[in-house]
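Student: I have a model open and want to test its labels against their definitions. Can we go through them one by one?
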Amino acid sequence: MVECVNQERHGKGMKRFEELQFSNSFARLPDRFYQRLEVTPLQKAHLAVYNQQAAELLDLHPDEAQRDDLHALFNGDKTLPGYEPLAAIYAGHQFGHLTPQLGDGRAILLGEVTNEAGERWELQLKGAGITPYSRRGDGRAVLRSTIREYLCSEAMHGLGIPTTRALLMTGSEEEVYREQIETGAMLLRMAPSHVRFGSFELFYYRREVEPIKQLADYVIEHHYPELLDHETKYLELFRQITLRTAEMIAQWQLVGFAHGVMNTDNMSVLGLTLDYGPFGFLDNYEPGYICNHSDPYGRYAFDQQPAIGGWNLSKLGQALLPILDGEPEKAAATANAILEEYNPRLQQHYHRGMLNKLGLKESRDGDKALIDDLLKLLANNRIDYTLFFRALCDFNEGEERNPLRDQFLDRNGFDSWAGRYRDRLQAEGSQRQARGEQMKQANPKYILRNYLAQQAIEQAEKGDYSEIERLHKLLQHPFDEQPENEHYAAAPPEWSNELEISCSS
Ligand code: AMP
Ligand code: MG
C-alpha cells in the first residue's frame, strides 16, 4: 500500500509541496537587480484559501488541498529545497511622474518551479514583510486587498484574460494599520515572470546600459526564446511586449475591467494583468468610470486605459533605447514605428471582440458605427454593461419589438438601433440559436462586481472564508449558465454605489 502511494506520488499531478524542485533564474542575474532577504512571518497565521486549479499547474497532488499546514511552508518559518527569496528592484512612472526607485516593497520572490509540461512558474509572496524597497510602508498587505487580488486574478483567468494567478492565501491575527486597524494576510501568487516596465526604467534613469541589456537578455531567454536568434532582438522584444499589451488592454475594455493604477511599475513585460489594487468592473456602462478613489482626475479612468497603455509603452521604449542598434536617431525612429503598431492592434482586437459580443461573424462596413452607437445608447441610458450583452444573446430578430427596449429611457433610440442590428444579422444569414450559443462564450454572465468581493471580505473578516470559495468556483466558469447561482448575476444592489475603493491596501 505504501509502495502504491509512493508510485502515485510520482509523475504528473502527483507531487507534495515538499517535492517541488525550486530554482530561481532571476537570482542568477547580478545582485544589482534584487536584494536577498527572508520572509517576516505573520503572527498567528492560518491557511485561508487554497486554489486547486492553480496547484495543478505545479503538478501538485489533489490531496495537498486537504492539508491545513500549507501556510507554514510560506510564512518564513520553513523553507522548501531550492528557495532563494529576494525582493526585486524597479522604478516606475506613478500617475505620470517618475519615481526613480521603487521595488518589491512587500513582495518576496521565493523561487520558481518548472512543471512537467516545461512551464516555469515564479512563486511570489505578497505581504511578506519589510524589504529594502518598502519606503514608508510596513511590508504588509491587509486581508481585504489580498482577497480582492485572489478573486480578481482568478476571475480574469476565467474570462480568458492574461493575468498573474493566485495559489493560496494566508490569514493572520497580526494587526496592520491602514485607515483603521485590519489584519495582515499574504497572497502566494504565480506568474511566469513578475518583471515590469519599471524594471527597465530603473537602469535607464541611472544611465546604466549594461543592466538594461542583461535584463532584456534574461527576458528573451526565458520568456521570448523565439527571439534569441533574431537580428534585432531587442527591438523585436519591444514589439512583442507592445502587441501583447495592446491585446490585454483590448480584452479589459471588452469585459469592462478598469485596472485603477496603471503605473509603469504595474505593467508586466509579458502582457499579464498585474498588481490588483482598486480595480473595478463596470456596472452601468460609463466610459469615464474611475474605480480608484485616489485618482480624482481620472488619469486611469476606464476609457483612458488604451491611451495610457500606449503612454506606458513609450516609457518602456525609451528605457530600451540605449540597447537598440544603430544611431540614436534611427533607434528612436524604429522604436517609434513599433509604438505606431499599438493602437491598430488594440483597435483590431477590440473590434473583433465586439463583433463576437454581437454575434457577428463577418466584418462589414458600418459595423464600427453600429458598435459606437450602441455604446452611446448604453452610456446615455445608464444600462448595465454585462447584463445588457448577456441579454442580447437571446435577441430574437423575428420580434417586432425587443423586450430589452424597456430598460431604456430612450426607447425609440433603442428600437432604431435594434432595427439596424436586425438588418445586419439578416444580411449575414445569422441563425438565432447558433448565434446565441456563440455569443454566450463572448459575454460573461458572472463578473466580480465590487459588492460581491465586498460581501466575501466582510465574511472573511469574521473568519468565514466560504464566500471566497463560492465566488472563486463561480468565476472559474463565468460564461456558463449556473442555475443555482443565478442571484450572482443580478443587477448590483443600491448600496454598491457607495463603495469606495482607494489605493490603500
Ligand atoms: P502599488 O501601486 O500597490 O503597486 O505599490 C507601489 C509601490 O509601493 C510598490 O513598489 C509596492 O511594493 C510598494 N508598497 C505598497 N504598499 C506597501 C506596503 N504596505 N509596504 C511596503 N511597500 C508597499
Ligand atoms: Mg505594484
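Student: What makes the crossing of H4 past H15 right-handed?
Tutor: H4 passes H15 in a right-handed crossing, meaning the near helix is turned clockwise from the far one by less than a right angle; anticlockwise would be left-handed. The model is predicted: local features need pLDDT of at least 70, side-chain atom pairs 80 or more, while totals for chains, interfaces and linings use all residues. Residues are numbered from 1 along each chain as written, chains are lettered from A and ligands numbered from 1 in written order, and side-chain values use heavy atoms, without hydrogens and water.

Student: Why is H4 called roughly parallel to H15?
Tutor: The axes of H4 (residues 143-158) and H15 (residues 466-475) cross at roughly 15° and come within 8 Å. Angles under 35 degrees count as roughly parallel, over 145 as roughly antiparallel, 65 to 115 as roughly perpendicular, the rest as oblique. So H4 is roughly parallel to H15.

Student: Which residues of H4 make the contact with H15?
Tutor: Ile147, Tyr150, Leu151, Glu154, Ala155 and Gly158 (contact: heavy atoms within 4.5 Å). H15 supplies Ile468, Leu471, His472 and Leu475.

Student: Why is Leu58 called buried?
Tutor: Its relative accessibility is 1%. Buried means under 20%, exposed over 50%, partly exposed in between (1.4 Å probe, protein chains only). Therefore Leu58 counts as buried.

Student: Where is Leu58 found?
Tutor: In the loop between helix H2 (52-56) and helix H3 (70-73). Beyond its neighbours within four places in sequence, Leu58 contacts Leu20, Val113, Asn115, Trp121, Leu123, Leu167 and Met190. The C-alpha atoms of Leu58 and Leu20 are separated by 8.0 Å.

Methods:
Axes fitted to C-alpha atoms, helices over the stretch in contact; angles between N-to-C directions. Helix = DSSP H or I, 4+ residues; strand = E, 2+ residues; numbered from the N terminus.
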